[in-house]
Amino acid sequence: MRLTVLLFANLAELIGERSFTIELDDASEPTARTLLDQLIVQHPALEPWTDRIAIAVDEQYATRDTVLRDGQTIALIPPVSGG
């Protein structure tokens, strides 16, 4: 399964790129949590952020239990504040 991952703000800075494609094993039903776990293995600098990252799948907010499908775009959004 091939997914496009979009990273925003400091997450993009940690990885050094704003978007990339990733291959996940589609033998089971991978979830957003599966994707995050794989990304942490590949990019350990993300680990401190994992509990605070918002996830969107094809421009819709999603939970970590959302099942992913081939070809989807996953956005990882760090916490933001403003006033």
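**Note on the predicted 83-residue model**

1. Overall burial. Of the 83 residues in the protein, 35% are buried. Keep in mind that this is a predicted model. The accessible surface comes to about 5,100 Å². Carbon and sulfur atoms hold 49% of that surface.

2. Fold and dimensions. The protein has two helices and five strands. Along the sequence they run β-α-β-α-β-β-β. The radius of gyration is 12 Å, close to the 12 Å from the globule rule for 83 residues, so the protein is as compact as a globular protein of that length. Along the principal axes, the C-alpha atoms fill a box of roughly 40 × 25 × 20 Å.

3. Contacts across the sequence. Take the contacts in the protein with a separation of 6 or more. Of these, 51% join residues 24 or more positions apart. One pair shows such a link at the level of the backbone: Ile-74 and Thr-4 are 70 residues apart along the chain, yet their C-alpha atoms are separated by 6.1 Å.

4. The main core. In soluble globular proteins, nonpolar side chains tend to be buried together. Here the largest nonpolar core has 21 residues. Leu-35 and Leu-76 have the most contacts inside this core. At least two core residues come from each of β1 (2–7), α1 (9–15), β2 (19–23), α2 (32–42), β3 (54–57) and β5. The largest share, four residues, is supplied by α2.

5. Leu-76 in detail. Residues up to four places away in sequence are left out here. On that count, Leu-76 touches Val-5, Leu-6, Leu-7, Phe-8 and Leu-11, among others. Its contacts also include Leu-36 and Leu-39, two of the buried residues of α2. Ile-53, Ala-54 and Ile-55 are touched as well.

6. One side of α2. The buried residues of this helix are Ala-32, Leu-35, Leu-36, Leu-39 and Ile-40. They lie on the same side of α2, because they cover an arc of only 135° around the axis. Their packing partners are β1, β2, β3 and β5.

7. Ile-74 in β5. This residue sits in strand β5. Ile-74 has a relative accessible area of 0%, so it is buried. Not counting residues up to four places away in sequence, Ile-74 touches Leu-3, Thr-4, Val-5 and Leu-6, among others. Further contacts of Ile-74 include Ile-55, Ala-56 and Val-57. Leu-35 and Leu-68 are also touched by Ile-74.

8. Gln-72, a buried loop residue. Gln-72 is in the loop between β4 (60–62) and β5 (73–77). Its relative accessibility is 14%, under the 20% limit, so Gln-72 counts as buried. The side chain of Gln-72 reaches the backbone nitrogen of Arg-69 at 2.6 Å. Leaving out residues up to four places away in sequence, Gln-72 touches Arg-2, Leu-3 and Thr-4. Val-57, Asp-58 and Val-67 are also among the contacts of Gln-72.

9. Thr-50, another loop residue to check. Thr-50 lies in the loop between α2 and β3. At 15% relative accessibility, Thr-50 counts as buried. A polar atom of the Thr-50 side chain lies 3.1 Å from the backbone oxygen of Glu-47. Neighbours within four places in sequence aside, Thr-50 is in contact with Ile-40 and Arg-64. Of these partners, Ile-40 belongs to the buried residues of α2.

10. Positive phi at Asp-58 and Glu-59. Both deserve a look at the backbone. Asp-58 is in the loop between β3 and β4, and Glu-59 is found in that loop too. Phi of Asp-58 is near 50°, a positive value in a residue other than glycine. Glu-59 has a positive phi of about 70°, and it is not a glycine either. How exposed are they? Asp-58 is partly exposed, with a relative accessible area of 39%. Glu-59 is exposed, with a relative accessible area of 76%. Asp-58 also appears among the contacts of Gln-72.

Definitions and conventions:
Residues are numbered from 1 along each chain as its sequence is written. This is a predicted model: local features need pLDDT of at least 70, side-chain atom pairs count only at pLDDT 80 or more; totals for chains, interfaces and linings use all residues. Side-chain values use heavy atoms; hydrogens and water are left out. Buried means under 20% relative accessible area, exposed over 50%, partly exposed in between (1.4 Å probe, protein chains only). A polar contact is a pair of N or O atoms within 3.5 Å; within protein, one must be able to donate a hydrogen and the other to accept it, and residues adjacent in sequence count only if both atoms are side-chain atoms. Contact means heavy atoms within 4.5 Å. A nonpolar core is a set of buried Ala, Val, Leu, Ile, Met, Phe, Trp, Tyr and Cys residues joined through side-chain atoms within 4.5 Å. The arc is that of the directions from the helix axis to the C-beta atoms. The radius of gyration is taken over C-alpha atoms; the globule rule is 2.2 Å times the number of residues to the power 0.38. Accessible areas come from the Shrake-Rupley method with a 1.4 Å probe; for residues, only the protein chains shown count as cover.
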